[in-house]
Number of protein chains: 2
Amino acid sequence: MDWARPVNPMTTLLTNAWILTLDDELTQHDPGWIQIDGTTITALGSGTPPSITNAEIIDCGGDIVMPGMVNTHCHMGMSVFRGLAEDVDDRLYRYILPLERKFVTAEMVRVGSTLAAVELIQGGVTTVADMYYFETEVADVCDRAGLRAIVGQTLADFDPPDHKNFDVGFARVEQLVDAYRDHPLVTPSIAPHAPYSTGRAVMERIALWSSDHPNVPVQMHLAESTLEVEWALKTHNQSTVAVTRDAGLLKPNLICAHCLQLDDADITMMSEAQVCVVTNPRSNGKAGRGIAPVERLRNAGLPVGIGSDGAMSGNTLDLFSQFAPVSMFAKLLGGSRKPLPAVDVIRMATIEGARTLSLNLKTGSLEAGKQADLIRVSLAAPRLHPIYDPYSMLVFAALPTDVTHSMVAGRWLMRDRHVETLDPVQATRDAIQIATMFKAEMQRIDQTH
Amino acid sequence: MDWARPVNPMTTLLTNAWILTLDDELTQHDPGWIQIDGTTITALGSGTPPSITNAEIIDCGGDIVMPGMVNTHCHMGMSVFRGLAEDVDDRLYRYILPLERKFVTAEMVRVGSTLAAVELIQGGVTTVADMYYFETEVADVCDRAGLRAIVGQTLADFDPPDHKNFDVGFARVEQLVDAYRDHPLVTPSIAPHAPYSTGRAVMERIALWSSDHPNVPVQMHLAESTLEVEWALKTHNQSTVAVTRDAGLLKPNLICAHCLQLDDADITMMSEAQVCVVTNPRSNGKAGRGIAPVERLRNAGLPVGIGSDGAMSGNTLDLFSQFAPVSMFAKLLGGSRKPLPAVDVIRMATIEGARTLSLNLKTGSLEAGKQADLIRVSLAAPRLHPIYDPYSMLVFAALPTDVTHSMVAGRWLMRDRHVETLDPVQATRDAIQIATMFKAEMQRIDQTH
């Protein structure tokens, strides 16, 4: 397919910004400027901006300009389930799986993903890693939204809504890869749901497939619950990480989500295999499942990105909501203020998140030659001041609503809070309509229980 | 002093609202209406609103209308320290105490408290319990802002900025009580800093004074750190709660903030004494200090309110920022989704918070005869939808910026995000100016260390 889009022929020049580059030296330019040509950052610096004929010049009024955020684990289609049956311990088997089997269609995934894309853009996320069913729909939504994305077709053995068996599931993966292999922003991916829900034999099949498709990222839930640990011990007399390794799936750049139930040997295995990790602090905390050992993983040399999980589990898809939890959890584990300083949280949300998705050469920091993926964060709100450190302000005081502008590959996705690529009102209305159907079904379930 | 203000002669009628009353039955009216006359809610209900000549009618367009939130522990003056020296373990002794001794004046407390008042109003808080120095300034700011407040003059032995010794401190308390004893919204309070920083003899003196002033609430930090536990054990061979009890301070409606380091005997003592508790989840989590046993305290019959702590520790003063932490912490302690359901979090933020401050007959729920303290929460944002449960939406998806209107005792403090009683821009500017001075002093400290 031809994904070419007309490129803005004009140079864009952002001036009078407090630029957090998130490069290796954590360079800041204040006041600073950024020059964007086509899809790319061509220059940036402090002081007087260059004089360019016919450039579109945007005075940022002292606001923060920083890399767009990288949400490294999401289930966009699940936004229609946001907060459903909160606080109910058996909600997965009582409501979610029955609702998914009955109602999850390509259409529902498109509606949920569109609402998710609106929220991601409005919340400052410019890159998202997703895994769900009917994933070609998610890819289409991300293409339309203008988001950079890794879209993973999920494979699982519990009769999921889009594949009765793994052969059908693999066919869906192939279809997705065929459709999106040349897309400039959307990368197709294969996503075994989890070791216990894929099984060792199929994990081996996926590992083989993956060897033949080295450019297709693999995403998987790993070590998410004590039930998974028990499954691995009972069926293979090993840790779930060891089962994954022996199946051939624990390989460089495997994107492992959750990673709560790990011992030292697991972390060593993961480090030797050079996998990447995603922590989902709100989702894990809300489920009472535990706290991921983020500091230990990072100290073992593993890049750790931050994910929202789906809105059913984490409720919101921006990363601001995750910052205080990821930070507090590390400090509570360490019993001190010192672990995981605010600047490292912002690293995880940007350049380290991009590294987690093997996109760090393209995005995650503001540097000449990289793609122009950036956001502007307004400093107008009194609650942000005074600012002793911009990273602390972003982690503990800023809100997704402070993001006013969002750009991916040189294209504005949002300006002055106006989403340019999607219709937020229609997206919300469509999701509410699906929820009405879910509510009726939940009443039916409650009456028959 | 005469605190009388002109009362709005017109009836105000809010219509077409999704009313969460937070009464004992958790009654909702959707669509509902509320009638306000003078300072008071005179009627409310579902369906067709009453026809009242000359009423100001406000169509809420389906938005949530709920009780204004009760922030049960704050240090408003400290907003000028927001996020200062984040992640630095010894910041209290290295920066904060030296800065407080050198710079904390009545003027600085006024500036910090004004910024805090703006943030509280913008974030949906209508009642705040504060403790700090030069507290008459805080009272003046709350009076001007129109907030309902309990303002506690702090007493401590570490050479705090406004009293060289306890006699001077008590004189400040008397001055505050004299000035504000008849204020309709602002209640003067006495606030021993903590057992270890007050000492048993002075705690006894405060307990005696308190017996003579039964209408003056007592606020204190209690069982906040392992250092405090060690102090009590070393100096009195008791728990810090037992020291407080034996000094005569553990009495009905004592407002105890933090309460992290408690054993079962402590909780029994607190329950027998019928004290009230405030949890400050963000502040405690960020300091790596631990998690308050909120469920155990509530199961022991103690009302537990939610506090922001000062912006130096908790960074923001709204309660939305505290909801996910307070909820996640309870679920993590319980290892399940079930502990502390979302509705209980909203109870704690409203009626239970009011009970914590002994203000529950006046505020904390929307009922005929109660003061008209309420907020309107916009449902315009796509990230809030779909809504399966309004309490879950408020706890896990809503943001302080969703609050559009705030009313205390029938007076609008904010309409359509416009603060009516203070100047947010000037408040922010004044705080930034003080921070510039702090930054210079911190550089000096760093150079001499």
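# Questions about chains A and B

Me: How many residue pairs are in polar contact between chain A and chain B?

Reply: The count is 21 residue pairs, with both residues at pLDDT 80 or more; a polar contact here is a pair of N or O atoms within 3.5 Å, and within protein one must be able to donate a hydrogen and the other to accept it, while residues adjacent in sequence count only if both atoms are side-chain atoms. This is a predicted model, in which local features need pLDDT of at least 70 and side-chain atom pairs count only at pLDDT 80 or more, whereas totals for chains, interfaces and linings use all residues. Residues are numbered from 1 along each chain as its sequence is written, chains are lettered from A and ligands numbered from 1 in the order in which they are written, and side-chain values use heavy atoms, with hydrogens and water left out.

Me: Why is the pair B:K331 and A:D87 called a salt bridge?

Reply: The term asks for a side-chain nitrogen of Lys or Arg within 4 Å of a carboxyl oxygen of Asp or Glu. The closest N and O atoms of B:K331 and A:D87 are 2.7 Å apart, so the pair meets the rule. Between chain A and chain B the count is 2 salt bridges, and over all chains it comes to 48.

Me: What makes the salt bridge of A:R415 and A:E56 a tie between parts far apart in sequence?

Reply: The closest N and O atoms of A:R415 and A:E56 are 3.8 Å apart. A:R415 belongs to strand β16 (residues 411-415) of chain A and A:E56 to strand β4 (residues 56-59) of chain A, so the pair ties together parts that are 359 residues apart in sequence. Strands (E, at least two residues) and helices (H or I, at least four) are DSSP runs, numbered from the N terminus.

Me: How do you know that chain A and chain B are related as by a two-fold rotation axis?

Reply: After least-squares superposition on the C-alpha atoms of residues with pLDDT of at least 70 in both copies, chain A can be laid on chain B with an RMSD of 0.0 Å, by a turn of 180 degrees and a shift of 0.0 Å along the axis. The two copies are therefore related as by a two-fold rotation axis. The same surface serves both copies, since 100% of the contact residues of chain A recur in chain B.

Me: How many residues of chain A and chain B are in contact, and which three supply the most buried area on chain A?

Reply: With contact meaning heavy atoms within 4.5 Å, 61 residues of chain A touch 61 residues of chain B. The chains bury about 5100 Å² between them, 63% of it on carbon and sulfur atoms, where buried area is the accessible area (1.4 Å probe) that two parts lose on being put together, summed over both. A:D87, A:R337 and A:Y388 supply 18% of the area that chain A buries against chain B, more than any other three residues.

Me: What is omega for the cis peptide bond that joins A:D30 and A:P31, and where does A:P31 lie?

Reply: Omega is about -5 degrees for that bond, and A:P31 lies in strand β2 (residues 28-37) of chain A.
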